[in-house]
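Reader: I am new to this structure and would like a close look at a single part, the place where the two copies meet. Please take me through it slowly.

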There are 2 protein chains.
Amino acid sequence: MVVKSELKLIKSLQQKKCRNEHGLFVIEGKKAVEELLNFGVKVYGVYVSNVNLDVLHTKTINVSQKELQQMSALKNPNGVLGVFYTLAPVSVNFNDWILVLDGVQDPGNLGTIIRLCDWFGIKNIVCSNETVDCYNPKVLQATMGSIARINITYTDLELFLGATSLPIFGSFMNGTSVYTNQMPKSGILVMGNEGKGISAEVKNLCSHQISIPQYGKETTESLNVGTATAILLNELRRI
Amino acid sequence: MVVKSELKLIKSLQQKKCRNEHGLFVIEGKKAVEELLNFGVKVYGVYVSNVNLDVLHTKTINVSQKELQQMSALKNPNGVLGVFYTLAPVSVNFNDWILVLDGVQDPGNLGTIIRLCDWFGIKNIVCSNETVDCYNPKVLQATMGSIARINITYTDLELFLGATSLPIFGSFMNGTSVYTNQMPKSGILVMGNEGKGISAEVKNLCSHQISIPQYGKETTESLNVGTATAILLNELRRI
């Protein structure tokens with residue numbers, strides 16, 4: 001049984017403003033919630049309806065399917081909903097690669113990119129303030145538990161990139177081939193907005209402009225920012 | 001003005017059964033429709049509401065927003081809806097790489113994969129009969145116009161793979177690193193279902209089992225089939 005005010009609070013966390021105000025976010029699904037519990041992310045409450053969790057927590061509460069429906073962002077809630085405290089960004093490590101996102105807007109794309117960083121051991125993502133919020137429910141649906149393993153910071157990119165001495169590789173349609181670029185051991189990779197790419201201000205700060213070559217005859221096709229990030233992170237990490 | 005029976009027919013094309021019966025499919029959006037017109041895909045009708053197309057076709061019909069809503073699969077139709085005849089698969093070219101999909105279920109993933117094939121010049125995709133239909137509206141939304149440039153065949157994979165003399169590279173969680181495999185100029189790459197991977201029957205037919213190495217400490221993370229395909233096609237095509 002959950003009181004009305006709590007249901008209302010949890011539902012409100014679908015909005016960025018309310019997430020910021022309360023310092024809380026919602027993640028749904030058994031696997032994702034258990035990953036966050038295992039990782040030790042601070043828990044506000046875990047709400048479960050007819051599902052047995054493998055990870056026990058004192059703040060687990062059994063609720064009815066109707067109650068779950070009232071707090072969930074999903075049309076068909078899947079039985080487990082966790083409310084966690086947002087993770088405080090820590091200092092960025094400049095001895096490895098850092099991924100910078102300049103205005104990525106689509107929550108699915110950001111979710112995909114966070115999972116990719118987890119796979120390729122990229123510990124730090126720095127986002128422009130215009131990039132979609134990483135606690136957006138659709139981002140979290142696409143990240144699974146990866147959100148807890150990646151340090152995500154939102155900041156003014158001009159300030160951040162202006163202050164670094166690392167090489168800055170921007171991903172552009174007409175840069176030099178990533179295959180011919182000798183990639184260093186550490187640096188910054190910048191990916192741009194889905195429609196507009198990297199902004200003019202950030203472009204000016206890029207020391208290198210790189211591209212993934214299209215194979216064969218040129219078509220009108222372009223790569224989605226998620227798949228382009230997959231390929232470029234693989235290029236950074238391949239031996 | 002569109003008669004009721006035509007509205008009903010177009011709406012029905014959201015179902016695979018009806019697409020098969022009529023040999024027609026629907027694609028929405030100015031860019032995608034124009035690409036298919038430019039490519040010369042046979043047109044049943046192009047329905048436009050308050051949008052000027054740059055590509056003219058005698059079968060373009062102005063309709064009201066209400067009529068468009070009645071035929072569209074989108075909540076908010078975007079002004080252009082094309083109905084085209086499905087493309088007849090042609091013979092597969094065995095002198096290049098062929099992508100085989102063993103039960104990919106998510107329409108967004110198939111759409112992403114078709115776009116990737118277009119980018120990397122992979123002309124042939126061979127799908128198991130269990131793979132999601134390439135004319136599914138959500139697939140087409142994700143492919144943009146790429147659908148017209150790729151030859152997509154649905155067939156029994158055991159028969160197809162059993163008959164080929166090409167090397168067959170299956171993508172697995174625990175295969176040998178794709179970085180250390182010397183990839184030939186032609187071959188078959190097999191990608192599996194989102195949850196279950198490649199089926200046991202198809203696995204038996206793979207001559208090589210490959211993987212994308214995870215960087216650093218192993219996490220519970222896995223790669224989505226779309227991003228894994230991006231990375232593997234890049235590996236096939238990089239110089």
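Reader: By what turn and what shift along the axis can chain A be laid on chain B, and with what RMSD?

Author: In this predicted model, a turn of 180° with a shift of 0.0 Å along the axis lays chain A on chain B, and the RMSD is then 0.0 Å. The two copies are therefore related as by a two-fold rotation axis. The same surface serves both of them, since 100% of the contact residues of chain A recur in chain B.

The contact itself draws 28 residues from chain A and 29 residues from chain B. On the side of chain A that touches chain B, the elements giving two or more residues are helix 5 (107-119) and helix 9 (225-237) of chain A, and helix 9 of chain A gives the most, with six residues. Sorted by class, this side of chain A holds nine nonpolar, 12 polar and seven charged residues.

It may help to set this beside the contact inside the chain. Chain A is divided into domain 1 (4-85) and domain 2 (97-237), whose centres, taken over C-alpha atoms, are 30 Å apart. Here 13 residues of domain 1 of chain A are in contact with seven residues of domain 2 of chain A. On the domain 1 side, helix 2 (16-22), strand 1 (24-28) and helix 3 (30-39) of chain A are the elements that give two or more residues, with helix 3 of chain A giving the most, five residues. By class, that side of domain 1 of chain A has eight nonpolar, one polar and four charged residues.

Notes. Residues are numbered from 1 along each chain as its sequence is written. Chains are lettered from A and ligands numbered from 1 in the order in which they are written. This is a predicted model: local features need pLDDT of at least 70, side-chain atom pairs count only at pLDDT 80 or more; totals for chains, interfaces and linings use all residues. Domain bounds come from an automatic or database domain assignment. Two residues are in contact if their C-beta atoms, placed from the backbone, lie within 7 Å. Helices (H or I, at least four residues) and strands (E, at least two) are DSSP runs, numbered from the N terminus. Ala, Val, Leu, Ile, Met, Phe, Trp, Tyr, Cys and Pro count as nonpolar, Asp, Glu, Lys and Arg as charged, and the others, Gly among them, as polar. Copies are superposed by least squares on the C-alpha atoms of residues with pLDDT of at least 70 in both.
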